[in-house]
Each structure stands twice: as structure tokens, then as C-alpha cells.
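Biologist: I am new to this structure, and I would like a close look at a single part, the metal site and its surroundings. Please take me through that part carefully.

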Amino acid sequence: MTNLNTSYLPSPIRSSYLDTMLPEVESLLIVQDRDQKILIQRRELERVPRDKASAEDKLSNDKSAVSCAKEAYQENQVAIKNTELDIATRRDTIAKLKTQQFETKKNEEYTSLGKDVERYAEMIDELETQELELMEQADELKEKHTQAIAALEVTQKEVDQDIAHLEVKANECQGRLDELLSERSELIAKVDDNLITLYERLLKTKGNDPVVPLKGSQCGGCHMKVTPSTVASVLAEKGITQCENCGRILYQS
Ligand SMILES: [Zn+2]
């Protein structure tokens with residue numbers, strides 16, 4: 001099968017296909033154009049929930065940074081409290097030892113109790129050093145927590161903006177989709193029922209291009225060469241011609 005050569009056609013047919021298009025095909029092409037636009041809007045709308053979810057995902061790192069910083073600060077505060085309790089316990093012990101020391105009549109016991117007091121005092125020194133270190137850490141940890149909260153707030157604002165944009169976009173898409181759907185129903189009302197049935201069946205089985213141009217002698221949908229009689233029928237534009245291979249409706253481009 002060679003490429004389309006129209007010279008073999010009678011001249012009235014040649015001039016007619018160049019100047020005009022079968023009105024049914026023209027109407028279907030407009031419906032098809034709306035269907036393709038409808039599909040684009042539907043896909044855009046389907047993407048919105050996923051885009052929202054991935055926008056919210058941006059928060060998860062910042063949220064976990066805040067909770068880690070909070071936890072570290074809380075652990076530090078517990079450690080400070082425990083150290084303070086340890087110090088208080090040892091101070092009580094020292095007080096008791098000193099009372100015993102005061103009450104004892106025995107020199108040996110007095111000396112031994114004195115050593116115990118010294119030992120507990122050393123422990124208190126160590127604990128106080130520890131407490132100071134913990135308190136220094138507390139300042140740093142508190143600062144880290146504050147910074148993490150600030151970072152989360154910045155991200156939250158960005159995410160809120162992203163989500164607001166997505167909602168605007170979704171509304172626009174929905175509006176456009178509603179317009180297209182109502183345009184479509186007006187358009188198909190003017191087309192023959194059988195033709196619309198055929199078109200919609202092709203739309204389901206062949207995707208969004210049930211009406212395709214004939215390119216030379218090749219179907220613009222399945223890219224197979226069609227028979228000369230199919231070519232002639234398309235060029236004659238006397239009625240709807242379908243590709244014998246895929247069934248798509250052909251028109252002369
Ligand atoms: Zn085809």
C-alpha cells in the first residue's frame with residue numbers, strides 16, 4: 001500500500017474534502033476536544049489529595065525534631081530533680097550523723113562519724129557539680145527546643161500556603177470540569193444517538209482519541225495502513241468511516 005495519492009480521485013471529491021469536513025466528524029471532534037479537557041481536569045483533581053498529603057509530609061521531620069528536643073529537655077529536668085533529691089538525702093544523712101556525733105561519748109565513734117560526714121559532704125560536692133553541668137545543658141536543650149518549634153512554625157506556614165493553593169486549584173479545576181461537562185452534554189445532544197454510542201464505546205476501549213486523522217493511508221490511532229477503499233471513503237466524506245483495524249473514526253486531516 002503506497003502513501004495516499006489523491007490524484008486518482010475525481011476532482012469534485014478532492015475539492016470537497018479540502019474545503020469542508022463532514023459535519024458529524026466536526027461535531028465529534030469538538031466533543032472529543034472537550035473529553036480530552038475533561039480528562040485533564042479530572043487528573044488534576046485526582047492529584048490534589050496526593051499533593052496535599054506530600055505537603056503535609058514536609059511537617060513530619062520538623063515535628064519529630066520538636067518532640068526529640070522536648071524529650072531531651074524533659075529528661076534533663078528529671079535528672080536535675082533526681083540530683084537535687086540525692087543532695088537533700090545526703091544533707092539529711094549528714095544532719096543525722098552530726099546529731100549522733102554530738103550525742104556520743106566515745107572518741108572513736110566521734111572520729112568515725114566525722115569521717116562519714118566528710119564522705120557525704122564530698123558526695124554532695126560531686127552531685128552539685130553534676131547539677132551545675134545539667135543546668136548548663138538545660139539552657140542549651142531549652143534553646144534547641146525553642147528553635148525546633150520556630151522551624152516547625154515556618155514549615156507549617158509554608159505547608160498551609162501550599163494547601164491553600166491546592167484548594168484554590170481544586171476549586172478552579174472543579175469549576176472548569178463542571179463547565180466542560182455541561183458544554184459536553186449540550187454538544188452531544190446535537191449529535192446522532194447512534195454516532196454518540198459508537199464514539200463513547202470507542203472512548204472506553206481506545207482511550208481519549210476515538211476520532212483520528214487519516215495520515216496518508218495510515219490510521220492516526222493504531223498507525224496501521226488502511227485499505228484503499230477506506231481511504232476513498234474517508235476522502236469522499238459521505239458518511240462516517242472507521243479504521244478496519246481499530247475501529248476509530250477517521251477523518252481527512
Ligand atoms: Zn486504526
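Modeller: What follows begins at the metal and then moves to the chain and the enclosed space discussed with it.

This is a predicted model, in which local features need pLDDT of at least 70 and side-chain atom pairs count only at pLDDT 80 or more, while totals for chains, interfaces and linings use all residues. Residues are numbered from 1 along each chain as its sequence is written, and side-chain values use heavy atoms, with hydrogens and water left out.

The metal is a zinc ion, and the SG atoms of C219, C222, C243 and C246 coordinate the zinc ion at 2.2 to 2.4 Å; donors are N, O and S atoms within 2.8 Å of the metal (3.2 Å for Na, K and Ca). Along the chain these donors follow the spacing C-x2-C-x20-C-x2-C. The angles among the 4 donor atoms run from 106 to 116°, and the site is tetrahedral (all angles between 85 and 135 degrees).

Two of these cysteines, C243 and C246, are buried, and C246 counts as buried because its relative accessibility is 10% (buried is under 20% relative accessible area, exposed over 50%, partly exposed in between, with a 1.4 Å probe and protein chains only). Another cysteine, C68, has a relative accessible area of 51% and is therefore exposed. A search of the whole structure for disulfides, pairs of cysteine sulfur atoms within 2.5 Å, finds 0 of them.

The chain around H223 deserves a careful look, since H223 is not a glycine and yet has a positive phi of about 65°. H223 sits in the loop between β2 (218–219) and α5, where helices (H or I, at least four residues) and strands (E, at least two) are DSSP runs, numbered from the N terminus. H223 counts as partly exposed because its relative accessibility is 47%.

Helix α5 has T230, V231, V234, L235 and A236 among its buried residues. Directly after α5 comes E237, whose phi is positive, near 50°, although E237 is not a glycine. Its place is in the loop between α5 and β3 (241–242), and, at 13% relative accessibility, E237 counts as buried, whereas H223 counts as partly exposed.

Both V234 and E237 also belong to the lining of the largest cavity, together with L22, V25, S233, G239, T241, L250, Y251 and Q252. The elements that give two or more residues to this lining are α5 (228–236) and β4 (249–252), and the largest share, 3 residues, comes from β4. A cavity is a set of 1 Å grid points where a 1.4 Å probe fits but cannot get out, and lining residues have an atom within 4 Å of a point. About 50 Å³ of space lies in the largest cavity, and the structure holds 1 cavity of 30 Å³ or more, each volume being the space filled by probe spheres set on the points.

To put the part together, the zinc ion is held in a tetrahedral site by C219, C222, C243 and C246. H223 lies in the loop between β2 and α5, E237 follows α5, and α5 in turn shares in lining the largest cavity with β4.

Terms used: Tetrahedral: all angles 85-135°; square planar, octahedral: opposite > 155°, others 65-115°. 1 Å grid on protein atoms, 1.4 Å probe; cavity = no way out; pocket = protein on both sides within 12 Å on 5 of 7 lines; lining within 4 Å.
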